[in-house]
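Q: I am learning to read protein structures, and I would like a patient, careful walk through one part of this one. Please begin with the overall picture and then narrow down.

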Amino acid sequence: MTALETWISALRGRVMSSNSERILPADGPLLSTAPGLHKSAKTRLIESNAAASAHHESLMQKAGLALARLALAVAPHAQTYWIACGPGNNGGDGFAAACFLSQWGKTPIISYLDNPAQPADAQASMKKAQSLGINISPHRPEQFDACLDCLFGIGTLRAFNVPHSDWIAAMNSAAVPVIAADVPSGLSADTGVAPELGVKASVTLSLLTLKPGLFTADGRQACGEIWFNDLGISSDETPDAELILPIVTAQRAYNTHKGSFGDVAVVGGAPGMTGAAMLAASAALSGGAGRVFVGLLYADAPAWDTSHPELMFRPPAQLALEKIAVVAGCGGAEAISAYLEKTIQQAAQLVLDADALNQLAGNTSLRELLRLRGPDKTVLTPHPLEAARLLGCSTLQIQADRLLAARSLADKFNATVVLKGSGTIVATPGQVPKINVSGNGLLATGGTGDVLAGLIGAKLANGFPAFKAACEAVCHHGTVADQWNQIPHALQSAALTASALSKSL
């Protein structure tokens, strides 16, 4: 190891010694453990409880130290650090970080607009920065080697004024690392919704708690690499959500057979839409089901598939639903409606996707039957538009608070729900919802949802309860996309098509 590599390693060691933990690297999940996720209200409660036993300013000093150390680790060669400070405690963290950087021989330059209502602890940090002779002005520097976004944290989101919007535009256009304090400015810590003009960070250091908005909706794009520092504060508050950790697949026991891993039946594939059902069926095969049946929804359906001779084709009416995990709706169109009542009543385990969800949205009697099944045996897999139909609202309302939408769906239908999208959410009644951090934009292509439905069906057939089956499936599904560039070229196509995804499960 060279002297430079040793120095950089030591800087990263400083980050770790201050209890900062890398949660989500930019190139995909490497999680082994992860704290729970807390929305703003619970974060403030944890902060308030901590302030009752320790000086609030000491938390700010810890936050500033963690930020400064991470800034050194991210940009060890930087000399000039531009720190954009806002009017509240997020800005106070930036003043504290500037003090540490200055004491370590760096040149921090602070941009700040005077705020008569500046919180007392932030004011104290600013005065310390002034005493050290740190440059503080209402203007941004023209030249800097790294930037700390300390403008706005978990406070009330509001429109940016002209100087702040200019600063954010400068951060986003600069070819230097941008380290966001707590959350990138403009991003909702609770929902992950971000404005068109919001900070696009290289690295985000979440402070005191991890926030759900970092991992869903616009959060993944805004945050870059995600780090966490609990500032030495522990809490027994129930989290608002948790992350799905990468799955370690157990090796199959030698003394097993196809019957040990259950049967899946895919009911779907109306005329002209056979591909959706076949994608789900092939995914169930690749996902480990013992046997896979296909019930296509037209009279002259093929009796076999040359590319998947393992699949067994049966008329839907001949399937022994009470013994199998059924995946219903993929490419089903209106034809699926004739089979839903019986399927919901009889299927041992059930995944409802696509057109089955659309039928469910408009049929009160089907919804009542579904509620009787219970969440351990039933999974709904809506994308945002389907979720909007099921809840009788708009897609914008679903995306405005994905956690709330997923929990509302789970409660309304008494089922496990997989709300697909950036940061797919898995929710079930009575349990803390989970957010998936695997996956990327390669999955934004037709048919990948059918593959996910088939994979969930395979997990159910293997004997997993619905919530566990859904969590494992969405994690596995996304991990294939994260590792796509590492797959041998014999399997890899130019794009991650749904059929290629299924073959790579």
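What radius of gyration would a compact globule with 505 residues have, and what value does the protein have? After that, please take a close look at strand S2 and the sheet to which it belongs.

A: The model you are looking at is predicted, and every value below is computed from it. For 505 residues, a compact globule would have a radius of gyration near 23 Å, and the protein has 26 Å, which agrees with that expectation. Along its principal axes, the C-alpha trace spans about 80 × 50 × 40 Å, and 53% of the 505 residues count as buried. The accessible surface comes to about 21,000 Å², with 52% of it belonging to carbon and sulfur atoms. Among contacts between residues at least 6 apart in sequence, 72% join residues that are at least 24 apart. In terms of secondary structure, the protein contains 17 helices and 18 strands.

Now to the sheet that holds S2. Strands of a sheet pair through backbone hydrogen bonds, and they can do so either parallel or antiparallel. Here, eight strands form an open sheet with mixed pairing, in the order S1-S8-S7-S6-S5-S2-S3-S4. Its edges are strand S1, residues 20–24, and strand S4, residues 135–137, each of which pairs on one side only. From one strand to the next, the twist averages 20°.

S2 itself covers residues 80–85, and in the order of the sheet it stands between S5 and S3. Its pairing with S3 is in the parallel sense and runs over five bridges; within that pairing, Ala84 has Ser111 of S3 as its bridge partner. Six of the six residues of S2 are buried, so this strand is largely enclosed by the rest of the structure. The side chains go two ways: Thr80, Trp82 and Ala84 point one way from S2, while Tyr81, Ile83 and Cys85 point the other way, and all are buried.

Thr80 is a good residue on which to practise, since it lies in S2 and can be followed from its accessibility to its contacts. Its relative accessibility is 17%, and because a residue counts as buried under 20%, Thr80 counts as buried. Leaving aside neighbours within four places in sequence, Thr80 is in contact with Thr107, Ile109, Gln143, Phe144, Asp145 and Ala146. Of the strands mentioned so far, S3 spans residues 107–111 and S5 spans residues 146–150, so you can look for Thr107 and Ala146 there when you trace these contacts.

Next comes the helix that lies over this part of the sheet. Helix H4, residues 89–103, lies across S2, S3, S4, S5, strand S6 (178–181) and strand S7 (203–207), and it runs at about 160° to S2. At 1.5 Å a residue, the 15 residues of H4 should span 21 Å, and since its end C-alpha atoms are 21 Å apart, the helix agrees with that value. H4 is mostly covered, with 12 of its 15 residues buried, among them Asn90, Asp93, Phe95, Cys99 and Phe100. An α-helix has 3.6 residues a turn, so residues three or four places apart point the same way. After H4 comes Gly105, a residue whose phi is positive, near 90°.

It is also worth following the sheet to the end where S1 stands. Strand S8, residues 225–229, is joined to S1 by four bridges, and these two strands run antiparallel, in contrast to the parallel pairing of S2 with S3. Ser20 stands opposite Asn229 in S8. Phe228 is also found in S8, and with a relative accessible area of 7% it is buried. Once neighbours within four places in sequence are set aside, the contacts of Phe228 include Ser20, Glu21, Ile23, Pro35 and Leu205. Leu208 is another of these contacts; Phe228 and Leu208 are 20 residues apart in sequence, and their C-alpha atoms are 7.8 Å apart in space.

To return to where we began, S2 is a strand with all six residues buried, paired in parallel with S3 and crossed by H4.

Definitions and conventions
Residues numbered from 1 in each chain as written. Predicted model: local features only at pLDDT ≥ 70, side-chain atom pairs only at ≥ 80, totals over all residues. Heavy atoms only, no water. Pairing = 2+ DSSP bridges. Axes fitted to C-alpha atoms, helices over the stretch in contact; angles between N-to-C directions. Contact = heavy atoms within 4.5 Å. Rg over C-alpha atoms; globule rule 2.2 N^0.38 Å. Buried < 20%, exposed > 50% of the residue type's maximum accessible area, 1.4 Å probe, protein only. Areas by Shrake-Rupley, 256 points an atom, 1.4 Å probe, with all protein chains shown as cover. Expected span 1.5 Å × (residues − 1).
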